[in-house]
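Me: Please take one loop of this model and look at it closely with me. After that, I would like to know how the surroundings are built, told as one connected story.

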Protein chains: 2
Amino acid sequence: VSGDLDRRSFLKGTALAGLGAGLGLGAAPPGEAASVPREPVPTAYAAAGGFTAPALPQVRLGFVGVGLQGGGHVENFLKIDGVEIVALADIDAARAEEVASWVVAAGRKKPALYTRGEHDFLRLVERDDLDLVLTATPWEWHVPVCVAAMNAGKHAATEVPAAYTVDGCWELVETAERTLRHCVMLENCCYGRSEMMVLKMVRSGLLGELLHAEGAYIHDLRAIKLDTKNEGLWRWQHSLTRNGNLYPTHGLGPVAQCLDINRGDAFDYLVSMSSPVRGLGAWAREHLPDSDPRRRMDFVLGDMNSTLIKTQRGRTILVQHDTTTPRPYSRLNLVQGTRGTFSGYPDKIFVEGRTPTHAWESIESYRAEFDHPLWAANHAAAAGAGHGGMDFMEDFRLIAALRAGTPMDMDVYDAAAWSVICELSERSVAGRSQPQTVPDFTRGRWPLRTPLGIVS
Amino acid sequence: VSGDLDRRSFLKGTALAGLGAGLGLGAAPPGEAASVPREPVPTAYAAAGGFTAPALPQVRLGFVGVGLQGGGHVENFLKIDGVEIVALADIDAARAEEVASWVVAAGRKKPALYTRGEHDFLRLVERDDLDLVLTATPWEWHVPVCVAAMNAGKHAATEVPAAYTVDGCWELVETAERTLRHCVMLENCCYGRSEMMVLKMVRSGLLGELLHAEGAYIHDLRAIKLDTKNEGLWRWQHSLTRNGNLYPTHGLGPVAQCLDINRGDAFDYLVSMSSPVRGLGAWAREHLPDSDPRRRMDFVLGDMNSTLIKTQRGRTILVQHDTTTPRPYSRLNLVQGTRGTFSGYPDKIFVEGRTPTHAWESIESYRAEFDHPLWAANHAAAAGAGHGGMDFMEDFRLIAALRAGTPMDMDVYDAAAWSVICELSERSVAGRSQPQTVPDFTRGRWPLRTPLGIVS
């Protein structure tokens, strides 16, 4: 973790921060103060309903990173009205050409390509014909790309997590506020059909007053992390220096929306605990050729991380992370209220006074009533898109908000609050599970901000 | 919580401690030191295989508390060879007569009755024809009854939790060691057929090296807690002054056995967090008559408590407690290893290299191989007994060990370690989830003690 403090100082000074510092992995030492004096919030960002920017008739899009997930986004945007795909950046020139060919095949103009290495996105963001820059790069590039885009006057959208350090989260918030640009984290799971149904149930009062929620990212990624292509090129490196929840937002984002985090409630503090470290090293020794140096590396990421978050209004959230054991996939997706509980994997529900016996009930008899209108109206268009269609829904909503000049479903405060769990969980794990205060990125405005409604 | 320190001082001085102090509810203030200098461990209690007492040809039994659960135990013992039911104590004389009539109806001698009030068990334990005193009283009497029994030379068995304060746990351990008597907490869930199957799976190596486990007591007890009879006479009072996990052992005991707690591993520390307090008060206002003062009480027990425990070998355990929301019953019962995971409610399993697809599998094809021999041999005898037969199994094993002079499946160290989660969770909740060190009741002997095997 040496060099980390240098990186953190460097981040303060420049919008291109972090670019020269390599991965800059590793949490700050436990106990180090997480907050520094922040700039005042500009009026436009202080609106209770959320920040809005002028409506765009057409959204001119530049992509940074068009690998598997970035390419999926390009495919989605080719199906959404009012989008022009102007430019693509990727360190893999062949992949950039491949994705560009999809645009051409759709009868569009070939996008400009930026393939001169890791920093070539800096040329892309300076174009004067772009409204939005979307990044689907390795995690360590999310903040630098978003910050560069916003400083160049573009809205920014990023894959998850938006940042994995406290400073990175603040940098996104401060840059968005200063430049009056959107900075959206594309948390696709907030657009899952089950998750959106739960939100509608919550908004309708079906579950009563919410008390507790659970989310997770339990996904056996051993083969993907230790592949020699795609995410296997970089994702495993985070397991070498970081022990905590590396990927909290898939499980946390949807339940945070139900709990009105940043919009009536806020995270207060968390505690975190990790199990022993076994899965990745064992898999490497069993499956990788002797020539692969990862067979001999000492990983530090505990296989199962459990984090408990307390909110300002006293509610509790369990967030788990396990990407290195053979356990079946789950995001838990549990939302518990005074009148009922929804639980995922598989979806089931209990509602006092409605469920006939004191046992979980299938959600089939609830679907017609609580299917989210966004899904009811657009499921055909989403069919075949990534992750069961929810990736399409998030891209659809992003473009809809930009074209209408309305607030984002998930804004920069959400991106920061959901992502900051990364470093805070690492600090807690490193410090015998000591509680860590979660920064209030809204600086006191969370009680006044409007909850997310049932958008359509 | 005023008066608590007085009670705690009083506890130090007398074997009848606590009797005069009423409920003595409430955790110590956060941060108060939990440990005091302890007595040296006598040789008999230092044995790696566990403490043993001389074999008893016949177990002469006295009961303190023969309500619903105590009466159930009496019924079980009437079906177990080598047991004589000598005496019953209960503050409800009619109930004592009723339970005594079952003994007579079984062709046995009528037990002596002790029904002269709360303290009449003190006369019972002084009888010279008793080997074992079993208590199924309200929680605040478990320690006083067990301590009095052991000081009078009898073995002690208690319903759960054995104690709910740190001092109470130490008092059980120290009294057992000093008197060279057994002190067993009757954690019936350790004898559940699913739980015992999981233990056999773990011992066989099916799940690989264990990493993480989850247990819970999620049981909608609102109507039972606020009844005007049985547990409704007392159990709700704990919700008036205590906020934490009031009832950890049903979920924790079975997974602690899998993880070799006190027998190769040990609890190190915990953190705990509670949700808002809603369920009990709302239920009271909706269901109780206006004359019932509980309608107007301010309960403090958070509806959902989540506790994370770290072990000395780095494994993690999630323990949850929720008795006041309408959520369906669950003890979670999840045991996760490097090769597979078992999860309860409903039972399911995934074993790498054996489960055909990357999804949970029914346990049906595992039953024949992993059904615990105790169940395979005795399921017919257990049929119809309390809680699906597991109450019979625990009573059967208790008598078997006493008659053979072998170690207990669960000894006083297990009783203390599993029960101490009560007060430690309360301290953590009260202190912004600060970590609480779990006392090592074995005083350094946990690495040397023998894990629980597959008993039969």
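**A loop with a cis proline, and what lies around it**

Reply: A:Pro161 sits in the loop that runs between E5 and helix H6 (166-179) of chain A. Please keep in mind that this is a predicted model. What is the geometry of the peptide bond from A:Val160 to A:Pro161? That bond is cis, and its omega is near -15°.

Let's walk back from the loop into the strands. Strand E5 (residues 155-158) of chain A pairs with E4(A) in the parallel sense, over 4 bridges. Within that pairing, A:Thr135 stands opposite A:Thr158 in E5(A). The link between the two strands involves a helix: E4(A), helix H5 (residues 142-151) of chain A and E5(A) together make a right-handed β-α-β unit.

Strand E4 (residues 132-135) of chain A deserves a pause of its own. A:Leu132 and A:Leu134 point one way from this strand, while A:Val133 and A:Thr135 point the other way. Are these four residues buried or exposed? All of them are buried. E4(A) also has strand E1 (residues 59-64) of chain A as a partner, joined to it by 4 bridges and running parallel. There, A:Gly62 is the residue that stands opposite A:Val133 in E4(A).

Another loop of chain A brings together residues from distant parts of the sequence. A:His387 is found between helix H13 (373-382) and helix H14 (390-404) of chain A. Leaving aside residues up to four places away in sequence, A:His387 touches A:Gln69 and A:Asn188. A:Gly72 is 315 residues from A:His387 along the chain, and yet their C-alpha atoms are separated by 9.8 Å.

Now for another sheet in chain A. It is an open one of 8 strands with mixed pairing, in the order E13-E12-E11-E7-E10-E9-E8-E14. Its edges are strand E13 (348-351) and strand E14 (436-437) of chain A, each of which pairs on one side only. Helix H7 (residues 193-204) of chain A packs on this sheet and touches E7, strand E11 (334-337), strand E12 (340-343) and E13. The direction of helix H7 makes about 170° with that of E12(A). Helix H10 (residues 249-258) of chain A lies across E7, strand E8 (267-274), strand E9 (305-311), E10 and E11 of chain A, running at about 160° to E7(A). As for the strand pairing, strand E7 (residues 210-218) and strand E10 (residues 316-322) of chain A run parallel and are joined by 7 bridges. One opposed pair is A:Gly215 and A:Val319 in E10(A).

The loop that leads from helix H16 (421-430) to E14 of chain A holds A:Ser433. This residue has a positive phi of about 65° although it is not a glycine. Is A:Ser433 buried or exposed? It counts as buried because its relative accessibility is 1%, and the cut-off for buried is under 20%. Chain B offers a contrasting case in B:Asn230, from the loop between helix H8 (222-225) and helix H9 (238-241) of chain B. B:Asn230 is not a glycine either, and its phi is positive at about 55°. With a relative accessible area of 36%, however, B:Asn230 is partly exposed.

Chain B also gives us a cis proline to set beside the one we began with. The peptide bond from B:Tyr345 to B:Pro346 is cis, with omega near -5°. B:Pro346 has its place in the loop between strand E12 (340-343) and strand E13 (348-351) of chain B.

How do the two chains relate? A turn of 180° and a shift of 0.0 Å along the axis lay chain B on chain A with an RMSD of 0.0 Å. That is the relation of a two-fold axis. In chain B, the C-alpha nearest this axis belongs to B:Gln434, at 3.0 Å. The same surface serves both copies, as 100% of the contact residues of chain B recur in chain A.

The contact itself takes 50 residues from chain B and 50 residues from chain A. About 4,300 Å² is buried between the chains, and carbon and sulfur atoms give 57% of that area. Which residues of chain B lose the most area to chain A? They are B:Met273, B:Pro328 and B:Arg432, together 16% of what that side buries.

Definitions and conventions:
Residues numbered from 1 in each chain as written. Chains lettered and ligands numbered in written order. Predicted model: local features only at pLDDT ≥ 70, side-chain atom pairs only at ≥ 80, totals over all residues. Heavy atoms only, no water. Pairing = 2+ DSSP bridges. Contact = heavy atoms within 4.5 Å. Axes fitted to C-alpha atoms, helices over the stretch in contact; angles between N-to-C directions. Buried < 20%, exposed > 50% of the residue type's maximum accessible area, 1.4 Å probe, protein only. Right-handed = clockwise from strand over helix to strand, strands pointing away. Least-squares fit on C-alpha atoms with pLDDT ≥ 70 in both. Buried area = accessible area lost by both parts, 1.4 Å probe.
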